[in-house]
Amino acid sequence: MTRADRSRLPEVGPDPPFRFPEIVRHVLPNGLQVRTLEHRNVPVVTFVLQVWGGAGADPADRHGLSALTADMLDEGTGALNAIGISEALAQIGAEFDIDVAPDAVAVTLTTLTRFADEGAALLADMATRPSMRAEDFERLRQLRVNRLQQLRDVPQAVAERAFLRLLYGDHPYGHLSIGNESSLRAMTLEDVRQFHVRSFRPSGTTLVVVGAMSHAELRAVTERAFGSWPEPTGAMEPTEAASEIDAPLVPEARLAVVPRDGAQQSELRIGHLSTRRDTPDYAALLVLNAVLGGQFVSRVNLKLREEKGYTYGARTGFDWRRGVAPFVLQTSVHTAVTADAIQDALDEILSIRGTRPAGAREMMLAKATLTRGYSRNFETTQQVARSVAQLVLYDLPDSYFEEFVPRVEAVNADEVTRVAARYLDPPRLVTLIVGDHQAIAASLRSLPLGEPLVIAA
Amino acid sequence: MDLPFTKHTLDNGLQVLVHEDHHVPVVGVNVWYHVGSKNERQSRTGFAHLFEHLMFEGSEHHNTGYFPPLQQAGAILNGSTNADRTNYWEVVPTSALDLALWMESDRMGYLLPALTPARFENQRDVVLNERRQNYENRPYGLAVMAVVAALYPPNHPYNWLTIGAADDIRAMQFEDVQAFFRTYYHPANASLALAGDIDTETAIRLAENYFSEIPAGPPPEPVRADASIGREIRLVLEDRVEMPRLYIGWHSPAMFAEGDAEMDLLSDLLANGKASRLYRTLVYERRIALDISASQGSRELGSFFLLVATAAPGNPLVDIAVAVDQELQRVMDEGPTKAEMERGEAQAEAQFLYRLQTVGGFGGKSDQLNAYNVFCGDPGYFNHDLARYKQATPESLRRAAKQWLHFDQRVVLSVVPRGQTAGALAGSEPVLVS
């Protein structure tokens with residue numbers, strides 16, 4: 001029997017150059033922007049309808065309006081009520097979901113290619129002609145109010161909500177898409193109707209279609225379903241996009257606690273606002289994040305999980321949006337080690353800015369993680385369609401995915417240190433704990449963060 | 001629709017499955033060990049899962065952590081443990097297949113020399129954190145633990161969840177870890193699937209090259225255990241939650257046994273999605289529940305069917321329980337409608353097709369080949385599996401419901417906000433889990 005050579009790891013050859021499928025653009029006479037891509041792996045087709053707005057477009061006294069409006073889409077259209085729509089989706093084996101993001105709402109439907117027309121028609125009916133019945137509105141609003149009550153017991157959700165508020169204050173990005181109880185209670189069906197008319201209109205909206213069909217066939221499917229969607233008449237008051245509104249630079253507090261008596265773990269968020277998705281430093285920031293906390297072998301996870309055993313996992317990330325995005329370190333740690341874990345996390349953020357810059361091996365690893373095997377991100381029609389929707393969301397060129405790998409590969413260690421120093425700002429870092437305040441209060445005084453702001457859940 | 005493959009068994013018993021798909025230049029590498037928490041014993045729980053963690057810490061010839069070389073090659077990787085099996089996977093660029101097989105074979109053949117007490121103790125802490133985060137500190141996080149503890153006797157290995165009991169995890173000994181590896185982690189108890197941009201001949205040659213030197217261990221003893229309950233067990237659990245929630249659990253047919261697909265179809269028909277009967281009645285029309293779902297948790301020794309519903313504020317759990325039983329009775333009496341059957345079949349067919357889109361990762365084609373191979377002894381079971389759903393009839397669903405969803409042989413757990421045990425179903429016994 002032969003034995004494998006285990007004296008060293010096998011060499012790995014280069015990746016083949018990454019090719020993204022051709023994106024063909026069409027504009028329907030009503031102004032709807034259509035992107036079609038052929039994807040012939042499996043006889044499946046995905047539609048992503050992306051409209052501007054999202055949670056960032058919620059009026060200040062109507063937080064949750066965008067999400068509730070989106071929720072109304074599959075509650076009824078034409079002769080179908082919510083049950084009827086759900087049955088119609090099941091009959092074509094469709095997967096359907098709605099994503100309410102800070103800058104946009106994306107409605108995604110995937111079905112078998114033989115049901116492409118049925119799927120497109122159903123999507124068009126829901127998105128462009130929802131019934132918007134009062135009884136459905138009342139029921140959904142109540143479900144969301146109840147959901148908010150339940151979220152009070154979910155430490156991650158409590159942390160998300162409090163942290164957005166700490167970072168953004170009153171800025172339109174400063175709330176969860178679900179909104180809050182009082183804004184939901186204040187909402188009327190008329191608010192929802194108006195918001196729908198404002199957001200769901202052919203001009204400015206993009207429909208991405210990816211499937212095992214030709215461009216001509218994909219286009220024909222979309223024309224049949226969306227060609228008669230009229231642009232609303234009458235001028236719309238333009239509203240200022242959330243991305244164009246200045247966000248607060250200096251946070252209200254450096255340390256905050258949401259008490260959760262008897263909690264076994266402390267849910268932690270550490271971060272501050274950073275920069276926009278369209279920053280020219282985007283690629284360098286991705287590499288920085290991969291070194292710091294964006295992957296399993298990053299500094300933060302290795303320190304907090306593999307070295308200290310404080311947590312099941314810790315990571316960092318930029319929660320990108322068109323406007324200024326947060327940089328966030330998040331983890332959940334055993335209550336007893338809360339202050340130690342925070343100190344370790346702060347130290348990692350501080351040191352990557354200069355005292356311990358990214359090393360050659362870390363750079364190689366971070367860049368490889370981002371670039372090698374890149375094609376696996378585009379196996380399914382949903383992956384491809386959602387990726388193209390991102391191009392539209394962030395005004396990126398159609399060549400973006402093919403340029404991604406060389407762009408990241410060109411980032412060097414000096415650039416990473418430069419962007420770390422520029423975009424990570426330790427004095428502005430906000431640390432939020434959702435945990436047992438009594439149990440940790442004394443240990444928090446060892447941190448150089450001052451007295452904590454105590455926030456009710 | 002098909003999932004074609006080639007099967008080749010090495011002399012040491014390792015079963016190698018290869019599926020070619022050249023759409024994307026990556027390969028899904030997937031290893032299953034036929035071991036899970038059902039191979040654990042009472043008071044020694046949590047072992048299989050903790051062990052999975054240790055498989056990422058290094059092996060004799062690469063003793064510095066499993067992630068860096070693979071990530072540097074552009075791989076994504078993970079692993080998971082359930083009651084019946086443990087799986088490990090990498091999705092690698094085709095040019096890194098050699099590396100992935102080197103790494104997988106090294107930890108299959110040479111883990112113990114690299115396994116130190118310090119690594120073991122560190123990962124034990126990580127797992128205790130995982131347990132706190134995902135169970136103890138999560139609303140309703142202990143509910144399913146309470147249900148299975150009541151469904152199965154204490155010496156039945158489905159009596160506990162895969163994460164294990166915190167005390168058992170703390171009490172684990174390093175020597176036990178070594179013995180566990182020798183018993184279960186060897187080629188004769190494993191299945192290797194490679195799916196993606198690879199030609200079959202090369203794939204088999206590489207598998208031979210890296211794995212054939214590893215000696216086979218003795219095949220583990222099959223686990224046998226029976227469970228039944230002769231009455232309705234009512235329990236109440238207090239938790240840090242806002243809304244009371246009802247869990248109803250039944251024993252149900254084992255994975256791939258007669259009635260298993262029917263129970264899966266029944267779960268959707270009854271409680272999953274807005275078109276399901278109970279969603280319509282409880283959430284949409286009467287609004288006495290906030291959500292409802294059901295699942296057929298298919299497992300080797302026997303499955304359990306679980307129905308979960310959260311009460312809307314001001315509505316007692318008993319109203320939900322009564323409505324559920326009415327609907328169950330109706331399914332047992334009348335069976336599903338033709339339209340319900342058509343929808344169930346259309347959804348099953350689409351789901352099987354969607355599953356063919358990815359080569360690697362959880363649920364990808366390599367994972368499916370291993371599942372069919374390990375659980376059915378036939379990696380080509382894909383179409384038989386689908387046929388189970390297509391051949392189900394209103395009568396077979398009605399029969400399955402009648403045979404398994406007895407009102408007087410089940411566990412009914414009320415999870416209530418602390419201090420509100422009065423909100424539980426009448427006659428519920430307090431239950432303690434931690």
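Arg124(B) sits in helix 4 of chain B, residues 117–136. Helices here are DSSP runs of H or I with at least four residues, strands are E runs of at least two, and both are numbered from the N terminus. The model is predicted: local features need pLDDT of at least 70, side-chain atom pairs count only at pLDDT 80 or more, and totals for chains, interfaces and linings use all residues. Residues are numbered from 1 along each chain as its sequence is written, while chains are lettered from A and ligands numbered from 1 in the order in which they are written.

**Around Arg124(B)**

Arg124(B) counts as buried because 20 other C-beta atoms lie within 10 Å. The cut-offs are 20 or more other C-beta atoms within 10 Å for buried, 12 or fewer for exposed, and partly exposed in between, with C-beta atoms placed from the backbone. Neighbours within four places in sequence aside, Arg124(B) is in contact with Leu50(B), Ile169(B) and Met172(B). Contact means that two C-beta atoms, placed from the backbone, lie within 7 Å. Leu54(B) is 70 residues from Arg124(B) in sequence, and their C-alpha atoms are 9.3 Å apart.

**Domains of chain B**

Chain B splits into domain 1 (6–211) and domain 2 (232–430). Such bounds come from an automatic or database domain assignment. The C-alpha centres of the two domains of chain B are 28 Å apart. Domain 1 of chain B puts 34 residues into the contact, and domain 2 of chain B puts in 31 residues. On the domain 1 side, strand 2 (15–20), strand 3 (26–33), strand 5 (86–93), helix 5 (143–151) and strand 6 (190–196) of chain B each supply at least two residues. Strand 3 of chain B gives the most, with six residues. By class, this side of domain 1 of chain B has 20 nonpolar, nine polar and five charged residues. Ala, Val, Leu, Ile, Met, Phe, Trp, Tyr, Cys and Pro count as nonpolar, Asp, Glu, Lys and Arg as charged, and the others, Gly among them, as polar.

**Domains of chain A**

Chain A also has an assigned domain 1 (24–233) and domain 2 (255–454). Their C-alpha centres are separated by 29 Å. Here 27 residues of domain 1 of chain A are in contact with 24 residues of domain 2 of chain A. Helix 5 of chain A gives the most to the domain 1 side, with eight residues. That side of domain 1 of chain A divides into 17 nonpolar, eight polar and two charged residues.

**Between the chains**

The contact takes 55 residues from chain A and 62 residues from chain B. Helix 2 of chain A leads on the chain A side, with six residues. The chain A side comprises 24 nonpolar, 19 polar and 12 charged residues.

**The core**

The largest nonpolar core has 270 residues. Such a core is a set of buried Ala, Val, Leu, Ile, Met, Phe, Trp, Tyr and Cys residues joined through C-beta atoms within 7 Å. Residues with the most contacts inside this core include Leu123(A), Val287(A) and Val92(B). Helix 9 of chain A, residues 282–292, gives the most to the core, with nine residues. Leaving aside neighbours within four places in sequence, Leu123(A) touches Phe47(A), Leu49(A), Val107(A), Leu109(A) and Ala225(A).

**A helix pair in chain A**

Helix 12 (360–371) and helix 14 (400–409) of chain A pack at about 180 degrees, with their axes 10 Å apart. Therefore helix 12 of chain A is roughly antiparallel to helix 14 of chain A. Angles run from 0 to 180 degrees between N-to-C directions, and axes are lines fitted to C-alpha atoms, for helices over the stretch in contact. Over 145 degrees counts as roughly antiparallel, under 35 as roughly parallel, 65 to 115 as roughly perpendicular and the rest as oblique. Helix 12 of chain A contributes Lys367(A), Leu370(A) and Thr371(A), and helix 14 of chain A contributes Val405(A), Val408(A) and Glu409(A).

**Loop residues**

Most residues other than glycine have a negative phi. Asp395(A) has a positive phi of about 55 degrees although it is not a glycine. Arg287(B), also not a glycine, has a positive phi of about 55 degrees.

| Residue | Loop between | C-beta neighbours inside 10 Å |
|---|---|---|
| Asp395(A) | helix 13 (381–393) and helix 14 of chain A | 9, exposed |
| Arg287(B) | helix 10 (277–285) and strand 9 (289–297) of chain B | 15, partly exposed |
| Glu221(B) | helix 8 (200–211) and strand 7 (232–239) of chain B | 8, exposed |

Glu221(B) and His251(B) are 30 residues apart in sequence and 24 Å apart in space, C-alpha to C-alpha.
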